[in-house]
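Student: I've got a new model open on my screen and could use a walk through it. Can we take it piece by piece?

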Amino acid sequence: MIGTPILPEIRELIERRNFSALQRIFNDWMPADLAELISDLPENEQAILFRLLPKELATETFEYLDFDSQQNLLTALTKKDVTHILNSMSADDRTALLEELPGPVAQELLKLLSFKEFKIAKTLLAYAEASVGRLMSPDFLSVKKDWDMNQVLEYIRTYGHESETLNVIYVVDDHGKLKGELLARELLLSPPEKKVRDIISEDKIVTLTATQDQSDALEAFKRYDNVALPVVDSNGYLIGVVTVDDMLDVAEEEETEDIQKFGGIEALEEPYMDLPIHEVIKKRAVWLVVLFIGEMLTASAMAFFEDELSKAIVLATYIPLIISSGGNSGSQTATLIIRSLALGEITIRDWLSVMRREVLSGLALGGILGLIGFFRVITWAHILGIYNPSWLAVGVTVGIALICIVLLGTLAGSMLPLLLKRAGLDPATSSAPFVATIVDVTGIVIYFSVASLLLRGILL
């Protein structure tokens, strides 16, 4: 990666307009590092440095740039340069760029494509936005079953530079129907005269369809640990390939969305700094209003027990301790369950097993906190020198209430994500603040109900 010590040197060379020195430096850099440097430069200097790059390196670097920098360069570069970049880009990266641009701009750029690339671009853009079709590349290598290893190697030498990946070579029949796949390792370790049919296994092919959701493709990559997966149509004809680097981007987007939802925010479609402030406010306001209304129920619950509070004001001292413990335990559990669902460690069918585990966990954790709460009440009474039998009853009340509320928190945190999943909703919607709000309201009711039972005739 680019280190900060080199940036002043680059800055000095730019200011001195020493482009020959910059060209020599950039020839040793990786495209991802060049993209990071260009993205960090002011917009008026990005095109200057980009023009210094050799054509092939420029195209590779362009694919790594963030969308804003790509858009800036498309405006600043000549029509000839833009045409070369668009026609040289990998099909999936070009699709990602075009789908982000305004419609009229994308249509103008499509006109710069060759007939072959235009057909590819229109085909990929025709698929739904979150489908595998938007990610797949039509650039892959396919061979026949009756070829020997020498023929395969010769074919790769001739056409391999156009392929998205050389890790996997696909085997098709004369009509283009997928029949198997040949791994690079198998190819290199096989005798030259060996036939493709003698190596491949036709019944062990993992495939995707172009209309599948990208999240389904991500699960397939995780399950089968592939670096690339073929995309077929409804009749089994090979139409493209999706590689693991595309899946890493999908995984990052999905995890970011889940984290944002879990924090009580609607998912952001753009990076935080690129999103207009009014959009950020709108995304955050919805959940804040929902949670605020929920907390109003907490206030209503406390008002309902106003008589108990007026008679035993000491109960109010432990309200923050009580409700925070329930909220914390619920948030902990929700985090564990949502992540386990995402990783496929549990399913909806496991709800009963999950409930049993969380009942045991809730009782154990509630017991630990209940004991601490009990001794906190008794110790505080001794420190203040006001200990009397009523303080023992208050300590028992706090301890039992903590056990009940922590148990409630673990059950709410575990069952709510499963219920949302069962309803076809995103489990991440049961965000930590949402679970905490539910437990706050019910926690107050439990706390004062326990107090009413145990302190009647003592303090109440």
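Tutor: Sure, we'll go through the record's annotations, the sheets, a helix pair and a few single residues, and keep in mind that this is a predicted model.

Student: Let's begin with the record. Which residues does UniProt list under "transmembrane region"?

Tutor: The UniProt entry is unreviewed, so treat this as an annotation that may be inferred rather than shown by experiment. In the model, 359-379 is 100% helix with its end C-alpha atoms 29 Å apart, and 391-420 is also 100% helix, with ends 43 Å apart. The spans listed in the entry are residues 359-379, 391-420 and 432-455.

Student: And which residues does the annotation "domain: CBS" cover?

Tutor: This one also comes from the unreviewed UniProt entry, and it has two spans. One is 27% helix and 20% strand, with end C-alpha atoms 26 Å apart. The other is 43% helix and 22% strand, and its ends lie 39 Å apart. The spans are residues 136-199 and 200-257.

Student: Now the sheets. Which are the edge strands of the open sheet β4-β5-β6?

Tutor: The sheet has three strands in the order β4-β5-β6, with mixed pairing. An edge strand here pairs on one side only. That description fits β4 (208-209) and β6.

Student: How many bridges join β5 to β6?

Tutor: β5 (residues 228-232) and β6 run antiparallel. Leu-229 stands opposite Val-242, and Val-232 has Leu-238 as its bridge partner. The number of bridges joining the two strands is five.

Student: Which residue in the turn of that hairpin has a positive phi?

Tutor: β5 and β6 form the hairpin, with five residues between them. The phi in question is about 90°. The residue is Gly-236.

Student: How many of the six residues in β6 are buried?

Tutor: Buried means under 20% relative accessible area. Strand β6 spans residues 238-243 and is mostly covered. The buried count is five of its six residues.

Student: What about the other sheet: which residue stands opposite Val-168?

Tutor: This open sheet has the order β1-β2-β3 and mixed pairing, with β1 (142-143) and β3 (178-183) as its edge strands. Five bridges join β2 (residues 168-172) to β3, and the two run antiparallel. Opposite Val-168, in β3, stands Leu-183.

Student: On to the helices. Why do α18 and α21 count as oblique to each other?

Tutor: The axes of α18 (residues 319-343) and α21 (residues 432-454) come within 8 Å and cross at roughly 140°. Roughly antiparallel needs an angle over 145 degrees, and roughly perpendicular runs from 65 to 115. The crossing angle fits neither class, so the pair is called oblique.

Student: Is that crossing left-handed or right-handed?

Tutor: First, a look at who meets whom: residues of α18, including Gly-326, Gly-327 and Gly-330, meet residues of α21, among them Val-439, Asp-440 and Tyr-447. As for the hand of the α18 and α21 crossing, it is right-handed.

Student: Ala-121 caught my eye. Is it buried or exposed?

Tutor: Ala-121 lies in helix α10 (residues 115-125). Leaving aside neighbours within four places in sequence, it contacts Arg-94, Leu-98, Leu-110 and Leu-113. The C-alpha atoms of Ala-121 and Leu-98 are 8.8 Å apart, although 23 residues separate them along the chain. Ala-121 has 2% relative accessibility, so it counts as buried.

Student: What is the phi of Arg-17?

Tutor: Most residues other than glycine have a negative phi. Arg-17 is not a glycine, yet its phi is positive. It is found in the loop between α1 (6-15) and α2 (19-26), and at 48% relative accessibility it counts as partly exposed. The phi of Arg-17 is about 60°.

Student: Last one: is Asp-225 buried or exposed?

Tutor: Asp-225 lies in the loop between α13 (214-224) and β5. Its phi is near 55°, a positive value in a residue other than glycine. The cut-off for exposed is over 50%. With 69% relative accessibility, Asp-225 counts as exposed.

Methods:
Residues numbered from 1 in each chain as written. Predicted model: local features only at pLDDT ≥ 70, side-chain atom pairs only at ≥ 80, totals over all residues. Heavy atoms only, no water. Helix = DSSP H or I, 4+ residues; strand = E, 2+ residues; numbered from the N terminus. Buried < 20%, exposed > 50% of the residue type's maximum accessible area, 1.4 Å probe, protein only. Pairing = 2+ DSSP bridges. Contact = heavy atoms within 4.5 Å. Axes fitted to C-alpha atoms, helices over the stretch in contact; angles between N-to-C directions. Parallel < 35°, antiparallel > 145°, perpendicular 65-115°, else oblique. Left-handed = near helix turned anticlockwise from the far one by under 90°.
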